[in-house]
Every structure is written in structure tokens, then in C-alpha cells.
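Biologist: Could you take a close look at one part for me, the nonpolar core, and walk me through what is in there?

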Amino acid sequence: MSDLNSSARAYTEFAKGIWKENPVFVQVLGMCPMLAVTNTAINAVAMGAATLFVLVGSSFLVSLLRNYIPKQVRISTYIVIIATFVTVIDYVLKAAAPEVHRDLGAFIALIVVNCLILGRQEAFASRNTVKMAVADALGMSAGFAFALLCLGGVREILGSGSLFGISLFGPNFEPWVVMILPPGGFIMLGLILFFFSWLEQRARDRRARAALEGGA
Amino acid sequence: MSGEASSARMIATLTVAGLASGLLLVGVYEITKPIIEANNAAALERAVFQVLPGTTSMEPIVERDGALAIGSGSKDEEELDTIYLGRDSAGTITGYAIPWQGTGFQDVIKLIYGYHPARGVVVGMEILESMETPGLGDKIFKDASFLANFEALAVEPTIVPVANGAKTEPHQVDCITGATISSKAVVKIINGGNEHWLGLLPEGDPWGARPEAPEPTPEPTEPTP
């Protein structure tokens, strides 16, 4: 495979995570952090960044070591690798950004059990070269962070009347408190999934119609 | 990856993975530990200065078997055996900052409040940790008018929560509308802290003048028999 080809493929692997195979909107993975920490946009960004670190680090290492790990113990090895990265980011956040760490609380440690991460190791990183694995991990985490930000942004705007802590509507805005409570998370996630499926469906219909007209 | 790997190889793989992971984590822990401790100490100091207005220096005071002595107690925050004596720049006692905790609406609320012994009032309160409902219960630390209740709150005979706007006595606290449980929890925690500590606090200033430079806290020499 030429360099150009490989770069093009790496780009494809990156891009699919953001839209076509978005971990949240399409694969519906990582729902626990998705619902739990998205009551403000800043928490969503911090969670997205922590997941990116863990996913890219784990994919890199798993792909690098893929030929040395016996398949009978591969899952346990992946979990050790993932848990190590999660613990590292846990300590680093605690030292560098204690407020963020306090807000995200236990959900940093729970990145270990985010199916998105183990899923990418098993489905992708363990079967592909390091370059592809990192491209895939970057794309998937970007897609995950994008989804977190969609939900966190909307919930913070409606639930607190602000975005990234900056007040948007002035003191007369009556916040929809339900939006920052767990039910608001479920309601908003449902609406967002609905919206993205509708977009996808519409694009599919248009493609089908174009193909039909082209054939006629 | 194809074929059956031997048991030895599997064990070796997992051992190497575990060892490498352990070594890395020890390294990260060692690097971040002093920073995390400094962060915690800074947060505590900020909280003490916050709840005791005018404070410029603080000393930990530990309770052992019902007696108070200068020095830090258990590192375990759950122990609640340490309070903090605050002084202003002239060396006068600004009060004692007392960490205490209790059950809130969702989970344990940890707070610290300042008590001025000569005036017999609570002079400030800050929530250290809480899981109260965002938007409602979290007003216990976001709502300035609720926090204002604790700027000169008499502790005698006991602090009483009342409906919002009904405060007439210096020992009453206006609850937050919509967050009565959280407001009452805060009052209950402060009453609990008072019950434990106020009887122990000495009159006047037996702690001696403030040292010129903040001395390192002496290690407890030996456990009280």
C-alpha cells in the first residue's frame, strides 16, 4: 500500500468515527458518561478529553503489541492497559484540575468500563496497524466528544441559561431545572438521537431517490 | 496470535502487563502526590480564611480524648478530630473553623464553618463537598442570600431553620425555597458540630501568641496514654 493510499485510509478511519459510525449517535455506546456528566458543557469537554487520552493511548499500545498478546488472555491484557491509562488521567486531573475532577467524580474511574474503549480494542486496534488504530481512536473519541458536547451544551443552555459558565439570557431567564437533572439527560438524549436518525434517514432517502432517477 | 499459546506464555504476558502497569502507576502517583496534597491544603486554607473573615494565619488544633492541643490529627478526613484556629494580622483570634459533615438530600454533605467564641456566633460557612441536586440543593453553596444567614448566626439556644423570609431571631436560618431538605441538613450539621466542639473550646486565648513565622506543625510526640 502506497503512502498516499495509507494516508487516505487513515483519514477515512478517522472520519467515520465522527459521523458515519459515531459511537453515540450510531453505535449507542458509552451511555453512562453520556448521561451522567453532560449537565454542563465544560464537564462534557473534560470527559471527552479524558476519554480521548485513554482511547488513543490504549489503541496505540494494543495495536503495537497485537502480535505478542496470546488471544486467550487478550481481553484481560486490554483491560490492564485501559485501567492503567484511566488511573493515570485520574491522578493527573486531580493534580492539574481539581475542580474538574471534583465535578466528574467517579465517572473518570468509570471510563474503564466504557464499552466504547474496549470495543475499539477488540474490533479495531487488535487487527490493524498502529497508524490506523490511532486514526480510528482519534476519530471515535472526537465523535464521542462531539456527542457529549451536543448534549452538554443543550442541557446547560436550557437548564442553567448559560454556556461554558457564561450567562446567555440575563437574570430574567427561568432555567428548566429538569434539564440538568437525570430525566432531562434521558429526554434530551432521546431527542438528539431522534434528530440524528432523522438526518441520516433523509440523506438515505435522497440517495435512493437519486439512484432511482439516475437509473430511469 | 494463531494457535494455542502455552500457559507459560499467557502467564508471562499478564505478568509483564501487570508489572509495567504497576511501575507506571507508581511513577505517576509519586509525581502527582505532592501536587494533589498541595491542592488540598490550599483548598482547606482558602476555606478557613473564607469562613473566618479577617484571618491571615491558621493553626490546626486536634482533639484527643476530650482535650485540645495544637497539632494536626488524623490525616483521614472522615475522622473530624481537627479544627482550625484563625488569627488576624494583629494576632487576635478570629475564630475556629470547624469541619463537620452529615446526611444531605442525596449524599453526605461536608462543610466547614467559622465560629467566633467571644461573640458566640457562626461567622461563615462553606460547603466542601456535596452531591445535592444541581439547580435546587446546590443553592446551599451558590445562593448568596442563603450564605448570608451564616455571617452572624447565634448558636444559642440552637440554630433553627425557618421558612424563607420568616427569619426574625439571630439564631434562625432562612431556608431556600425548593431546597428545604438541603437547607435543614446544613443547619443540622452545624448544630451537630456545635454540640461536639463548643463544650471543648477554651475561653480566651490559651494558645499563646502567634509565632512570628508560621512554624511547621510539631509532630505529636507520643499518643496520650
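Modeller: Here is a walk through that core, with a little on the chain around it. This is a predicted model, where local features need pLDDT of at least 70, side-chain atom pairs count only at pLDDT 80 or more, and totals for chains, interfaces and linings use all residues. Residues are numbered from 1 along each chain as its sequence is written, while chains are lettered from A and ligands numbered from 1 in the order in which they are written.

Chain A has nine helices and two strands (DSSP runs numbered from the N terminus: H or I of at least four residues for helices, E of at least two for strands). Buried residues make up 39% of its 216 residues; buried means that 20 or more other C-beta atoms, placed from the backbone, lie within 10 Å of a residue's own.

Now the core itself: a nonpolar core is a set of buried Ala, Val, Leu, Ile, Met, Phe, Trp, Tyr and Cys residues joined through C-beta atoms within 7 Å. The largest one has 48 residues, and A:Ala50, A:Val54, A:Ile89, A:Ala147, A:Leu148 and A:Leu151 touch the most other members. Helices H3 (41–64), H4 (74–96), H7 (115–123), H8 (130–160) and H9 (182–215) of chain A each give two or more residues to this core, and H8(A) gives the most, with twelve.

Zoom in on A:Val54: leaving out residues up to four places away in sequence, A:Val54 touches A:Ile82, A:Phe85, A:Val86, A:Ile89, A:Ile111 and A:Ile117 (touching means C-beta atoms, placed from the backbone, within 7 Å).

Key
Buried ≥ 20, exposed ≤ 12 C-beta atoms within 10 Å, placed from the backbone. Contact = placed C-beta atoms within 7 Å.
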